[in-house]
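User: Could you walk me through this protein model before I get back to the bench? I'd like to start with the packing of one helix and then look at the rest.
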Amino acid sequence: MPSESGQTPPALERPRELPRSLLPDVVRRRAPVLLTLDYDGTLSPIVSDPARAVPAPGATQALARLARHPKALALAVISGRDIDQLRRLLGVDFGLTMLGVHGAEILEADGSRRLIEDLGGVPNALDKVREWLRANVPEQAGFVVEDKRLSVALHYRNAEAKAAERFKLAFESFVAAQGPQLRLGRGKMVVEAMPRGADKGRAIRFLRARFRFDAPAVYFGDDITDEDAFYALRDGGITVRVGDSAPSWAKFRVASPTEVVETLTAVADALERRRTVD
Ligand SMILES: [Mg+2]
């Protein structure tokens, strides 16, 4: 199981190329299907300013086409971002379920919004983290503090390497010292204090349980936090890592968000053909 340290157990295997016909065949033959995707690095290329991470060309069009088939496909995006940001960046407001802050909150396809985790003392603990960041992280040094209300992240992609390492470690120890309400998340050039119960593995189990547990479940993601979802779907799920072929709990891989869009487009084509056949 993926650990919070982000270390990958050596027994993991390298995912293999996703066969092009696999997902179109699954939606044609085994619908309904739960199709879930991460956002950054999956639907959107990674960029140096997270606020400008727009969807890859064709991504929103492909999602819009997929959302026209709610009986065949339950479509969801699970992101570390908060829902307001995710909504703004995706630029879509149609039959798509969004889970923000690693599954702590949900925006339903009908527009209703709620927390799916009991937050207990999380808000107080996060206030302490905010205070620590204000007092310790230097301005103009390439750090970006992202406050997502239910979590607080420190991005260090543009900071000098030694300073980044020093503040990352200090942040990690501070968060660990705040007690059991919070956990530490690590991603690409980012560390984050988040509610203990927010993780993408729980989020995907939540979606499966309320959709149809026997329906095929598909998950695309590119980062350490996505390993929790890959792991949750290790028996029978169709899990796709976006990026290099490093060992992973995912069974398959595609190279880039562009290939994710190509795959989604092929699935939309298959659903539209299926509809004309029905
Ligand atoms: Mg990602």
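**Helix packing, cores and domains**

Analyst: In this predicted model, the buried residues of α4 pack against four elements, namely β8 (152-155), α5 (161-176), β9 (182-187) and β10 (190-195).

User: Which residues of α4 are buried?

Analyst: They are V122, L126 and V129. Seen down the axis of α4, these buried residues fall within an arc of 55°, so they line one face of the helix. On the other side of α4, the exposed residues are N124, D127, E131, R134 and A135.

User: And how far does α4 reach from its first C-alpha to its last?

Analyst: Helix α4 covers residues 122-136, which is 15 residues, and it reaches 21 Å from its first C-alpha to its last, close to the 21 Å expected at 1.5 Å a residue.

User: You listed α5 as a packing partner, so which of its residues are buried?

Analyst: In α5 the buried residues are A164, F167, F171 and V175. They cover an arc of only 75° around the axis, which puts them on the same side of α5. K162, E165, L169 and S173 are exposed on the other side of α5, while the cover over its buried residues includes α4, β8, β9 and β10.

User: OK, stepping back, how many helices and strands are there in the protein?

Analyst: The protein has eight helices and 13 strands. Its radius of gyration is 19 Å, close to the 19 Å that the globule rule gives for 278 residues, so the protein is as compact as a globular protein of that length. Taken along the principal axes, the box filled by its C-alpha atoms is roughly 65 × 40 × 30 Å, and buried residues make up 43% of the 278 residues.

User: What does the domain assignment give?

Analyst: The assignment gives domain 1, made of 16-117 + 198-277, and domain 2, made of 122-195. Their C-alpha centres lie 27 Å apart, and 16 residues of domain 1 are in contact with 15 residues of domain 2.

User: Which residues touch the most other members in the largest nonpolar core?

Analyst: That core has 54 residues, and the ones that touch the most other members are L73, V77, I204 and Y219. Helix α8 (residues 257-277) supplies the largest share of this core, with seven residues. There is also a second, separate core of 22 residues, which includes V101, V122, V152 and V190.

User: What is Y219 in contact with, leaving aside its neighbours within four places in sequence?

Analyst: With those neighbours left aside, the contacts of Y219 are T36, I204, A229, F230, L233, G237, T239 and V240.

User: Changing topic, is S79 buried or exposed?

Analyst: S79 is buried, because 28 other C-beta atoms lie within 10 Å, and the cut-off for calling a residue buried is 20 or more. S79 lies in the loop between β3 (73-78) and α3 (83-90). Apart from its neighbours within four places in sequence, S79 is in contact with D38, Y39, D40, L86 and G100.

User: And how many Å apart are S79 and R234?

Analyst: C-alpha to C-alpha, S79 and R234 are 20 Å apart in space, and they are 155 residues apart in sequence.

User: Last one: what share of the contacts with a separation of 6 or more comes from residues 24 or more positions apart?

Analyst: Residues 24 or more positions apart account for 61% of those contacts in the protein.

Note on methods:
Residues numbered from 1 in each chain as written. Predicted model: local features only at pLDDT ≥ 70, side-chain atom pairs only at ≥ 80, totals over all residues. Helix = DSSP H or I, 4+ residues; strand = E, 2+ residues; numbered from the N terminus. Rg over C-alpha atoms; globule rule 2.2 N^0.38 Å. Buried ≥ 20, exposed ≤ 12 C-beta atoms within 10 Å, placed from the backbone. Contact = placed C-beta atoms within 7 Å. Expected span 1.5 Å × (residues − 1). Arc of directions from axis to C-beta. Core = buried A, V, L, I, M, F, W, Y, C linked by C-beta atoms within 7 Å. Domains from an automatic or database assignment.
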